[in-house]
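Reader: I'd like to go through this model piece by piece before I set anything up with it. Could you put it on screen and take my questions as they come?

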Amino acid sequence: MIQPMSLDVVLREFTEEYKAWVIQANSGKYLVVPDNRFPGRRPIVFFKSRYDASRLLDAILKVRPVLEPQGLIEVEVRLLETLRGIAADRSRAQADSFVILSPNEVSDLISQFK
């Protein structure tokens, strides 16, 4: 089974300037997206482009329109700064890992919502 990236791995692999995209609600919480590759995990998904975040968000809203009132949008963030903030949050009941998806992985994830 594939494991989501740990914070330590991400900190080694990316620079402080690296920017990524994430789906965020009006409440400030990041969207947790179930992924069949990570059974039992609740990862926050990061994307390499806004286009990829938008594609997944559209697919999710089509199958879960109940999420629309949350005001989900694609937000560009500094990856490492954001991950550190999430990791430091002691109320992490929302998520337990991070995933940074390539465009191909986004397509695979979208197919899970059809």
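Author: What follows goes from the overall fold to the helices, a few single residues, the ring pair and the pocket. This is a predicted model, in which local features need pLDDT of at least 70 and side-chain atom pairs count only at pLDDT 80 or more, while totals for chains, interfaces and linings use all residues. Residues are numbered from 1 along each chain as its sequence is written, and side-chain values use heavy atoms, with hydrogens and water left out.

Reader: How many helices and strands does the chain have?

Author: There are four helices and four strands, where helices (H or I, at least four residues) and strands (E, at least two) are DSSP runs numbered from the N terminus. In sequence order the pattern reads α-β-β-α-β-α-β-α.

Reader: And what share of the chain is buried?

Author: Of the 114 residues in the chain, 42% are buried, which is to say under 20% relative accessible area, with exposed meaning over 50% and partly exposed in between (1.4 Å probe, protein chains only). As for contacts, meaning heavy atoms within 4.5 Å, 80% of those between residues at least 6 apart in sequence join residues at least 24 apart.

Reader: Let's look at the last helix; which residues of α4 are buried?

Author: In α4, which covers residues 103-111, the buried ones are V106, L109 and I110. Viewed down the axis of α4, these buried residues fall within an arc of 100 degrees, so they line one face of the helix; the arc is that of the directions from the helix axis to the C-beta atoms.

Reader: Why would residues three or four places apart point the same way?

Author: An α-helix has 3.6 residues a turn, so residues at that spacing point the same way.

Reader: What does that side of α4 pack against?

Author: The buried residues of α4 pack against β2 (43-47), α2 (50-63) and β4 (97-101). A residue to look at here is D52, which sits in helix α2 and is buried, with a relative accessible area of 3%. Beyond its neighbours within four places in sequence, D52 is in contact with F47, P103 and V106.

Reader: And β4, where does V99 come in?

Author: V99 belongs to strand β4 and, at 6% relative accessibility, counts as buried. Its C-alpha atom is separated by 4.9 Å from that of V45, although V99 and V45 are 54 residues apart along the chain.

Reader: Which residues are buried in α3?

Author: In α3 (residues 79-88) they are L79, L80, T82, L83, I86 and A87. Seen down the axis of α3, the buried residues fall within an arc of 160 degrees, so they too line one face of their helix.

Reader: T82 caught my eye in that list; what does T82 touch?

Author: T82 is buried, with a relative accessible area of 10%, and, not counting residues up to four places away in sequence, T82 touches Y30, F46 and V77.

Reader: Changing topic, how many aromatic pairs are there?

Author: The count comes to one aromatic pair. F14 and Y18 form that pair, which is tilted, at 4.7 Å centre to centre and 55 degrees between the planes. The rule is that rings of Phe, Tyr and Trp (its six-membered ring) pair if their centres lie within 6.5 Å, and planes under 30 degrees apart count as stacked, over 60 as edge-to-face and the rest as tilted.

Reader: Is F14 buried or exposed?

Author: F14 counts as buried at 17% relative accessibility, whereas Y18 is partly exposed, with a relative accessible area of 24%.

Reader: Last thing, how much space lies in the largest pocket?

Author: About 350 Å³ lies in the largest pocket. On a 1 Å grid over the protein atoms alone, a pocket is an open set of points where a 1.4 Å probe fits, with protein on both sides within 12 Å along at least five of seven lines, and lining residues have an atom within 4 Å of a point. Grid points are joined across faces, edges and corners, and the volume is the space filled by probe spheres set on the points.

Reader: Which residues are closest to its centre?

Author: Of the 18 residues that line the largest pocket, L31, V32, V33, L67 and Q70 are the closest to its centre. Q70 is placed in the loop between α2 and β3 (73-78), counts as partly exposed at 38% relative accessibility, and, leaving aside neighbours within four places in sequence, is in contact with A25 and N26.
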